[in-house]
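Biologist: I would like a close look at a single part of this protein, taken slowly and set in its surroundings. Please start from the part itself and then work outwards to the rest of the fold.

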Amino acid sequence: MIGYVTLGTSDMERAARFYDALLGELGAKRLMAFEKMILWTVSPNKPALAVVLPFDGQPATVGNGVMVALAVDSPAKVDALHKKALELGGKDEGAPGPRGQGFYGGYFRDLDGNKLNFFTMAG
């Protein structure tokens, strides 16, 4: 159902460097890149993540309670990507670990304060 998710940024170049490095770990590449938006995906027929300069020209702000969850295939991948996000300057919002039955996730904020997590469903 989800086609893509957008996250606001006030610094496109900084956001692009962060997500090029972080999402590159998943094999994601830029699908589209414009002055005011960059969109990454692992495949054109899979959901994508974009960073955008807000359309209204106002500063980007973080939505309270809004989070983007990115699925990966193992707890080890969650650990590695959470670590990478922090190495790139992201802020920890919850160390990787089990959260409920069969769910393993690690939470962080990007350079603009947007909250994301990497997660896997353990079988």
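How much space lies in the largest pocket?

Modeller: This is a predicted model, and in it the largest pocket holds about 440 Å³ of space. Its lining is made by 17 residues, and those that lie nearest the centre of the pocket are Pro47, Ala48, Ala69, Leu70 and Ala71. Three elements give two or more residues to this lining, namely strand S3 (37-41), strand S4 (48-52) and strand S5 (68-71), and of these S5 gives the most, with four residues. By class, the lining of the largest pocket divides into 15 nonpolar residues, one polar residue and one charged residue.

The second largest pocket can be described in the same terms. This second largest pocket has a volume of about 150 Å³ and is lined by 14 residues, with Thr6, Leu7, Gly8, Thr61 and Asn114 nearest its centre. Here strand S1 (residues 4-8) gives the most to the lining, with three residues, and the classes are eight nonpolar, five polar and one charged.

From the pockets one can turn to the interior. The largest nonpolar core has 23 residues, and those with the most contacts inside it are Tyr19, Leu22, Val51, Leu116 and Phe118. The elements that give two or more residues to this core are helix H1 (12-24), S3, S4, S5, helix H2 (75-87), strand S7 (103-109) and strand S8 (115-121), and the largest share, seven residues, comes from H1. S3, S4 and S5 therefore appear both among the elements that line the largest pocket and among those that supply this core, a pairing to be read beside a general tendency: in soluble globular proteins, nonpolar side chains tend to be buried together.

Val51, one of the core residues with the most contacts, is worth following individually. Not counting residues up to four places away in sequence, Val51 touches Leu7, Thr9, Met12, Ala15, Tyr19, Lys36, Met37, Ile38 and Trp40. Leu7 in that list is also among the residues nearest the centre of the second largest pocket.

Leu53 is found in the loop between S4 and S5, where at 28% relative accessibility it counts as partly exposed, because that value falls between the 20% limit for buried and the 50% limit for exposed. Leaving aside neighbours within four places in sequence, Leu53 is in contact with Thr9, Ser10, Met12, Glu35 and Lys36, and Thr9, Met12 and Lys36 are also touched by Val51. The C-alpha atoms of Leu53 and Ile2, 51 residues apart along the chain, are separated by 21 Å. Ala122, placed in the segment after S8, is likewise partly exposed, with a relative accessible area of 46%, and its C-alpha atom is separated by 7.5 Å from that of Ser74, 48 residues away along the chain.

These parts belong to a protein with two helices and eight strands, which follow the pattern β-α-β-β-β-β-α-β-β-β along the sequence. The radius of gyration of the protein is 14 Å, close to the 14 Å that the globule rule gives for 123 residues, so the protein is as compact as a globular protein of that length. Along its principal axes the C-alpha trace spans about 45 × 30 × 25 Å, and 36% of the 123 residues count as buried. Among contacts between residues at least 6 apart in sequence, 51% join residues at least 24 apart.

How values were computed. Residues are numbered from 1 along each chain as its sequence is written. This is a predicted model: local features need pLDDT of at least 70, side-chain atom pairs count only at pLDDT 80 or more; totals for chains, interfaces and linings use all residues. Side-chain values use heavy atoms; hydrogens and water are left out. On a 1 Å grid over the protein atoms alone, a cavity is a set of points where a 1.4 Å probe fits but cannot get out, and a pocket is an open set with protein on both sides within 12 Å along at least five of seven lines; lining residues have an atom within 4 Å of a point. Grid points are joined across faces, edges and corners, and a volume is the space filled by probe spheres set on the points. Ala, Val, Leu, Ile, Met, Phe, Trp, Tyr, Cys and Pro count as nonpolar, Asp, Glu, Lys and Arg as charged, and the others, Gly among them, as polar. A nonpolar core is a set of buried Ala, Val, Leu, Ile, Met, Phe, Trp, Tyr and Cys residues joined through side-chain atoms within 4.5 Å. Buried means under 20% relative accessible area, exposed over 50%, partly exposed in between (1.4 Å probe, protein chains only). Contact means heavy atoms within 4.5 Å. The radius of gyration is taken over C-alpha atoms; the globule rule is 2.2 Å times the number of residues to the power 0.38.
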